[in-house]
Amino acid sequence: MTERATILSLGSIMPSVDTALDKTFIVWRGLGGVLDEIINVHAPMIRALVTRGAMPVDTALIDRLPCLELIANFGVGYDSVDVAAAAARGIVVTNTPDVLNDEMGDFTIGLLLATIRRLPQADRYLRAGQWAQGAFPLGASLRGRRIGIAGMGRIGRVVAHRLSGFDVPVAYYARNRNSDLPYRHYRDLCALAGDVDILIVVLPGGAATHHAVDAAVLAALGRDGVLINVARGSVVDEVALIDALSAGRILAAGLDVFAAEPLVPATLIGMDNVVLLPHIGTATHHTRGLMGELLLRNVMSWFEGIGPVTPIAITA
Ligand code: 8YV
């Protein structure tokens, strides 16, 4: 690299990434009104954009950046980026796959157990001093349960592998059957939901999966059903979910993602049969560190002329 290239960062990514970018590039960093001013003044210089999905990188934004070559996303899910619009302009989009698979596998199992065994509720019970008045009520179990995984990509595979230690049958929904997997395949999500008691959602976000888990899927899951969503809020019809939980059409839900983050419907917050987490699936020093390194490798390698490390196929 001869001269410092100019980069636009949609807010802070994480301190180690921000510092590393600042050392090598001219970085303009901001969101909202600040972002608007940055673009008005510096758009002709901006060659790369880094984002962690805080706002949509849509046609309107891409069109304002005439010299954009690279969009580097911090995260494996890139549903906030209009990759078709980027591809049409010849802009490469990168994400951070694989480095977070194990973390997401661990986390999903944790959320599943917390939800079905009501661990946060039991913790609240103890803290509220209720133990002295009587034992925490008996509840549901993972024993005898059948598990469905919606989405069998990199994270789905790790979740299924983790579950192999729990002696529970696993089936999955995906567009195509993976012949190397020992689990039963369903091409229809409602059919899978009808045959299992627990549905774990690890589908990618975006138009193709919008509200894939709707009222019909929840009804098929049934009165003992448990929904776990660690994917994207957009994949589940949140209104239908609240309705199903309130009416007892499903038993419980464990949610790390929501339709309009960081806003969470007050009705959900008021419910006792849900475990609600603030999108923390990958939020560890270890894994966010690896994600940050991979994002940096993509940006550095791009400006060294070597090309992206983990590009999204349709933009590569
Ligand atoms: C992060 C994620 O929370 O990788 C993803 O798709 O949703 C998470 O790892 C997010 O990308 C960081 O803001």
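Colleague: Let's start with the ligand: how far is a backbone N or O atom of Val-76 from an oxygen atom of the ligand?
Modeller: Bear in mind that this is a predicted model. A polar contact needs a pair of N or O atoms within 3.5 Å, and the backbone of Val-76 meets that with an oxygen atom of the ligand. The distance there is 2.8 Å.

Colleague: Which residue reaches an oxygen atom of the ligand with an N or O atom in its side chain?
Modeller: Phe-74 isn't the one, as its contact at 2.8 Å comes from a backbone N or O atom. The side-chain contact also comes in at 2.8 Å. It belongs to Thr-282.

Colleague: And what share of the ligand's accessible area does the protein cover?
Modeller: On its own, the ligand has 330 Å² of accessible area. With the protein around the ligand, the covered part is 89%.

Colleague: How many charged residues are in the shell around the ligand?
Modeller: The ligand's surroundings include Arg-52, Arg-232 and Arg-288, along with others such as Leu-100, His-279 and Met-291. Arg counts as charged, while His goes with the polar group. The shell has 4 nonpolar and 4 polar residues, and the charged ones number 3.

Colleague: Moving on to the rings, how many aromatic pairs are there?
Modeller: Ring centres have to lie within 6.5 Å to pair. By that rule the count is 2.

Colleague: Why is the pair of Phe-25 and Phe-303 classed the way it is, and what is the class?
Modeller: The ring centres of these two are 5.3 Å apart. Planes under 30 degrees apart would be stacked and over 60 edge-to-face. Theirs sit at 55°, so the pair is tilted.

Colleague: How many residues apart are Phe-25 and Phe-303?
Modeller: Phe-25 sits in the loop between α1 and β2, whereas Phe-303 belongs to helix α12. Both are buried. This pair links distant parts of the chain, with a separation of 278 residues.

Colleague: What about Tyr-125 and Phe-136: which class does that pair fall into?
Modeller: Their ring centres are 5.1 Å apart. The planes meet at 75°, which is past the 60 cut-off, so the pair is edge-to-face.

Colleague: Of Tyr-125 and Phe-136, which is buried?
Modeller: Buried means under 20% relative accessible area. Phe-136, in the loop between α6 and β6, has 25% and is therefore partly exposed. The residue in helix α6 has 15%, so the buried one is Tyr-125.

Colleague: Which residue's backbone nitrogen lies 2.6 Å from a polar atom of the Asp-197 side chain?
Modeller: Asp-197 is in the loop between α8 and β9. At 14% relative accessibility, Asp-197 counts as buried. The backbone nitrogen by its side chain is that of Arg-146.

Colleague: Where is the cis peptide bond?
Modeller: Omega is about 5° at this bond. Its proline is in the loop between β11 and α11. The bond joins Glu-261 and Pro-262.

Colleague: Is Asp-98, with its phi near 70°, buried, partly exposed or exposed?
Modeller: That phi is a positive value in a residue other than glycine, and Asp-98 lies in the loop between β5 and α5. Its relative accessible area is 44%, which falls between the 20% and 50% cut-offs, so Asp-98 is partly exposed.

Terms used: Residues numbered from 1 in each chain as written. Predicted model: local features only at pLDDT ≥ 70, side-chain atom pairs only at ≥ 80, totals over all residues. Heavy atoms only, no water. Near = heavy atom within 4 Å. Polar contact = N/O pair within 3.5 Å; in protein donor to acceptor, adjacent residues only side chain to side chain. Areas by Shrake-Rupley, 256 points an atom, 1.4 Å probe, with all protein chains shown as cover. Phe/Tyr/Trp six-rings, centres within 6.5 Å; stacked < 30°, edge-to-face > 60°. Helix = DSSP H or I, 4+ residues; strand = E, 2+ residues; numbered from the N terminus. Buried < 20%, exposed > 50% of the residue type's maximum accessible area, 1.4 Å probe, protein only.
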